[in-house]
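I am opening my notebook on this structure to look up a helix pair, a single residue and some aromatic rings.

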Amino acid sequence: MAEVTQERTWERSQRHVLLSLHLLFCLLGSLVSPPDPFLLLQGLRFEVIPSRFKEKLDKAAFATPYGYAMETAKQKALEVAHRMHQKDLRAPDVVIGADTIVVSAFRVSDMEDTLGQQAQRRAAWPGAPLRAAARGICDPFPGLSVKLPRVTARAPLLSHRLSGREHSVFTGVAIVQCSSQDKELDTRVLQFYEETMVKFSELSEDLLWEYIHSGEPMDKAGGYGIQALGGMLVESVHGDFLNVVGFPLNHFCKQLMQLYPPPRPEDLQRGKHDSIPAVDAFEDLSNVDKGGPEPARRNAGSRPEKAEAGVARQATAEAEGNRTPETLCPFPTRLLKLINGFKVSKALFTACKLKVFDLLKDEAPQKAADIARKVDASVCGMERLLDACAALGLLEKSEQGYSNTEAANLYLASDGDYSLYSFITYSSEVTWNLFTHLELAVREGTNQHHRVLGKTAGDVFQDVPYRSPETQLQFMQAMHGLAKLNARHVATALDLSAFSSACDVGGCTGALAQELAREYPHLQVTVFDLPDTIELAARFQPTGPQAAQIRFAAGDFFRDPLPAADLYVLCQILHDWPDDKAHKILDRVAQSCKPGAGVLLVEMLLDEEKRQARGGLMQSPNMLLQMEGRERSPGEYQRLLEPHGFRQVQVARLGGFLDAMLATRVGP
């Protein structure tokens, strides 16, 4: 009875592993085609991704061959995980990496006559690295380790390596669990290895050459394929046969159960659940995901096929009855975070509007009641808001009360060095209201200021953000905060030392101009913007040694000539406008500069396929709601630049809010 119970427990565990693999999105990191054991997983949800990790680890740094194999497997899997996360901005559930190495514990002197080279005798595993007799064939482990031989010139070595001898096959496996939060990839790595001992028969040279000429050994670790013709060379196998084929499936399933433990027997519903669902019952994603034909449908008319269908239905029903919270579909955490994202924004907006971060800046922790009293708010409401801000990492909560985090002091207090307070206020009072009309903007393809303001905006910039001096100043403060965050990155992204003068077109408060002047002390910078903006910009004008390098000039870049300069800077200008107006701006720039002059575009660049640049893609609906323009890819900006004689485009991805493109005018 105990043995039967143990068998059923193991069977349930194996069923749980199979269902876990079906529900997870797995990637298999490999440098070659998937080993045959992976075919056992057909019908489950996985994809083979070739790893780009260069297998150049120093084998002499590893005390054992399986240590080397496990580290190589881990690096393969991590490379795939990071690349897929960067590509799709999401993480797979699991990435599996594997690496196989074959080791023969022979004496190196056995090879001297064949190789015609001298090598040190080695017998035991520990000790200094082997002096390889043939570099690339003999690895620096005691004995001989073999990895993917490629040329038949190595074939005579096979008789000396393996004929009549026993060798070890080590496979290192890395299971990398992935998760992603705030665009950062988190990984957890589980590693293990499997060793299988294989003994070859005494082999004749003719038989070996016949096998070699079959072509089968040319892409196999160790130079043979046990699952095919190479099986006739093997006298005995001690250990996992599939490990020799290329993947220790049994050991892998046991390790997977540590990551995804099966449900306890008492948690299962009563009844018979002894049948594992057939793999065919699962959806075959291997072809459908890649655009291949749908799986062939069989005629269910015959008695055997009906019986098979009945078994499949019974297995599926049992699997459904066996479901527990651990075997249900993955919980949609990321989706729920997206749904509730507006609540996070509004909590931050409200805390800023109530000046919570100003009250707590450079102060001792304060109780919710004290803060509520100072801002004329209810204690219960304020406590909930403060707790939410603490949960978001904006405040710190202790027994003494609430206090600002360093980030809150720096960015959220209205007088912080890099304050985003005005940008948050503008987002709350203007952008928030506009986004309530996103559906209409999508249907109509136009901005929605006329619905928010109750009038049609003829000139977007003149009538919307600048509809009053107060609103205009708020908008400028918002842009100033963002510009200060990005200015240093922009000024240092590309080499601008060849230019002696610059014009920051639409430069607003001069935040970027100040950083350019600091980075290039020889550079004279002119900030060019509308007269009302230049008048208010006096409140932001720089002080210190850079002030002498910067001057302000009023004008309209659609109507007035631009100041002469060697470099024209367009920071978040072209994205405001459709292509026809963008061409007008670039035509003004081209008329004002000579060949050899440059134009520096600073924008939130999309990727060419418009799939990966999440920040820029989310900014595009914002541009639809607020302005007339859109975000673009580097290729789209280059097509705008070329008709105006700007070539030799350089692109710098800054890794933050904005990116930079520098182009040189090569013609009149």
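Is the crossing of α11 and α16 left-handed or right-handed? In this predicted model, I find that the crossing of α11 and α16 is left-handed. For the contact I noted Phe 342, Ser 345, Lys 346, Leu 348, Phe 349 and Cys 352 on the α11 side, and Tyr 421, Ile 424, Ser 427, Ser 428 and Trp 432 on the α16 side. By character, I sorted the residues of this contact into seven nonpolar, three polar and one charged. The axes of α11 (residues 341-353) and α16 (residues 421-435) come within 10 Å and cross at roughly 120 degrees, and I therefore entered the two helices as oblique to each other.

Next I looked up Arg 83, which has its place in helix α2 (residues 65-88). Arg 83 is buried, at a relative accessible area of 15%, and, leaving out residues up to four places away in sequence, it touches Ile 49, Pro 50, Ser 51 and Arg 52.

Then I turned to the rings, where I recorded nine aromatic pairs. One of them joins Phe 62 and Tyr 68 edge-to-face, with 5.8 Å centre to centre and 85 degrees between the planes; Phe 62 is partly exposed at 22% relative accessibility, whereas Tyr 68 is buried at 1%. For Phe 170 and Tyr 193 I noted ring centres 6.3 Å apart and planes at 50 degrees, so I entered this pair as tilted. The pair links distant parts of the chain, since Phe 170 lies in strand β5 (residues 166-181) and Tyr 193 in strand β6 (residues 184-200), 23 residues apart. Phe 170 is buried at 7% relative accessibility, while Tyr 193 is partly exposed at 30%. Ring pairs also link Tyr 66 with Phe 170 and Tyr 193 into a cluster.

Note on methods: Residues numbered from 1 in each chain as written. Predicted model: local features only at pLDDT ≥ 70, side-chain atom pairs only at ≥ 80, totals over all residues. Heavy atoms only, no water. Axes fitted to C-alpha atoms, helices over the stretch in contact; angles between N-to-C directions. Helix = DSSP H or I, 4+ residues; strand = E, 2+ residues; numbered from the N terminus. Parallel < 35°, antiparallel > 145°, perpendicular 65-115°, else oblique. Left-handed = near helix turned anticlockwise from the far one by under 90°. Contact = heavy atoms within 4.5 Å. Nonpolar A, V, L, I, M, F, W, Y, C, P; charged D, E, K, R; others polar. Buried < 20%, exposed > 50% of the residue type's maximum accessible area, 1.4 Å probe, protein only. Phe/Tyr/Trp six-rings, centres within 6.5 Å; stacked < 30°, edge-to-face > 60°.
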